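I opened this notebook to keep track of what I looked up in one structure. The entries follow the order in which I went through it.

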Amino acid sequence: MTELLTKIVRCGLIGVLALAALAGTANAQESEGRSPHVHNVLLTFQLIQADGFTDVDPEISDVVSEIRKIFNFQGYRLLSTSVFNVGLMPNSSGRSASGSGLQRIYPSGSETPLTLQAEASSQRATGTVRAKVTLTDETRRHSTGNYAERIPLLEITVTFRDGQMAVLGSAPRTADGPVLILVVTPRIDP
């Protein structure tokens, strides 16, 4: 009887150890298959002016072919390149991470600054980043009540993958002024 009881206990222990080993393997495979969190997104913005330029701007020659698919202007020139890093912090559930960045830029030939703001977020399983980008002219304000709020030239939300260039849109800075085009290329650091 004691011998039978010893065999049952041994078989039970072997079964528990085998199940624990399988559970450890399943957890390891599950964590290996998941995409890691995105920790940083390096955003490179190119502010381009569309107008009657006839010379080719060598700094944006690779971008112009993409822009021409969307817009029909004679020429384009680069006004500024802005690069900033948006650090993403995981939220309390651990399923997503978010962060924001703000930068003031001074386009060439202008003393009036523009503000470029990006609010970025990433879901763990997707490996993509979603960003709300706002381009604001510091001189354009609309009075509402006791304060004047800035009127965005461009405000757009876009989802992109690492290295995917996106033409975000265009906006005239003034009613009779040239059209500004904003292009962004993200570099995602998992």
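The notes below go from the sheet to its helix, then to hairpins, salt bridges and ring pairs.

**Entry 1: the model**

I noted at the start that this is a predicted model.

**Entry 2: the open sheet**

I looked up the strand order of the open sheet. The sheet has 4 strands in the order 2-1-9-8, and their pairing is antiparallel. Strand 2 and strand 8 are the edge strands, each pairing on one side only. I also looked up the twist: neighbouring strands of this sheet are turned by 20° against each other on average, direction ignored.

Next I checked what packs on this sheet. Helix 2 does, touching strand 1, strand 2, strand 8 and strand 9. The direction of helix 2 makes about 105° with that of strand 2.

**Entry 3: helix 2**

Which residues of helix 2 are buried? I found Val-63, Val-64 and Ile-67 buried in this helix, which covers residues 61–68. Seen down the helix axis, the buried residues fall within an arc of 105°, so they line one face of helix 2.

I then asked what the buried residues of helix 2 pack against. The list is strand 1 (40–51), strand 2 (75–87), strand 8 (166–172) and strand 9 (179–189).

**Entry 4: strands 8 and 9**

I went through the pairing of strand 8 with strand 9. The two pair in the antiparallel sense over 6 bridges. Ala-166 has Val-184 in strand 9 as its bridge partner, and Ser-170 stands opposite Ile-181 in strand 9. The connection is a hairpin, with 6 residues joining strand 8 to strand 9.

**Entry 5: Val-179**

I picked Val-179, which has its place in strand 9. Is Val-179 buried or exposed? The relative accessibility is 17%, and the cut-off for buried is under 20%, so Val-179 counts as buried.

I looked up its contacts, leaving aside neighbours within four places in sequence. Val-179 is in contact with Ile-48, Gln-49, Ala-50, Phe-73, Ser-170, Ala-171 and Pro-172. For Ala-50 I also looked up the spacing. The C-alpha atoms of Val-179 and Ala-50 are separated by 5.3 Å, while the two residues are 129 residues apart along the chain.

**Entry 6: strands 3, 4 and 5**

I moved on to strand 3 (residues 89–90) and strand 4 (residues 96–105). They pair in the antiparallel sense over 2 bridges, and Pro-90 stands opposite Ala-97 in strand 4. Their hairpin has 5 residues between the strands, and Gly-94 in this hairpin takes a positive phi near 80°.

Strand 4 also pairs with strand 5 (residues 114–123), in the antiparallel sense over 10 bridges. Here I noted that Gln-103 has Leu-116 in strand 5 as its bridge partner.

**Entry 7: salt bridges**

How many salt bridges does a search of the whole structure find? The search gave 2.

One is between the side chains of Glu-66 and Lys-69, at 3.1 Å from N to O. Glu-66 is partly exposed, with a relative accessible area of 31%. Lys-69 counts as exposed at 63% relative accessibility.

Glu-155 forms a salt bridge with Lys-132, and the closest N and O atoms are 3.7 Å apart. Glu-155 lies in strand 7 (residues 147–160) and Lys-132 in strand 6 (residues 129–144), so the pair ties together parts that are 23 residues apart in sequence. I looked up exposure here too: Glu-155 counts as partly exposed at 47% relative accessibility, and Lys-132 is partly exposed with a relative accessible area of 31%.

**Entry 8: aromatic pairs**

I searched the whole structure for aromatic pairs and got 3. Phe-45 and Phe-84 form a stacked pair, 5.6 Å centre to centre with 25° between the planes. This pair links distant parts of the chain, with Phe-45 in strand 1 and Phe-84 in strand 2, 39 residues apart. Phe-45 counts as buried at 1% relative accessibility, and Phe-84 counts as buried at 8%.

Phe-71 and Phe-73 form a tilted pair, 6.4 Å centre to centre with 40° between the planes. Phe-71 counts as buried at 16% relative accessibility, whereas Phe-73 counts as partly exposed at 27%. Last, I noted that ring pairs link Phe-71, Phe-73 and Tyr-76 into a cluster. Phe-73 also appears among the contacts of Val-179.

Technical notes
Residues numbered from 1 in each chain as written. Predicted model: local features only at pLDDT ≥ 70, side-chain atom pairs only at ≥ 80, totals over all residues. Heavy atoms only, no water. Buried < 20%, exposed > 50% of the residue type's maximum accessible area, 1.4 Å probe, protein only. Arc of directions from axis to C-beta. Contact = heavy atoms within 4.5 Å. Pairing = 2+ DSSP bridges. Axes fitted to C-alpha atoms, helices over the stretch in contact; angles between N-to-C directions. Salt bridge = Lys/Arg side-chain N within 4 Å of Asp/Glu carboxyl O. Phe/Tyr/Trp six-rings, centres within 6.5 Å; stacked < 30°, edge-to-face > 60°.
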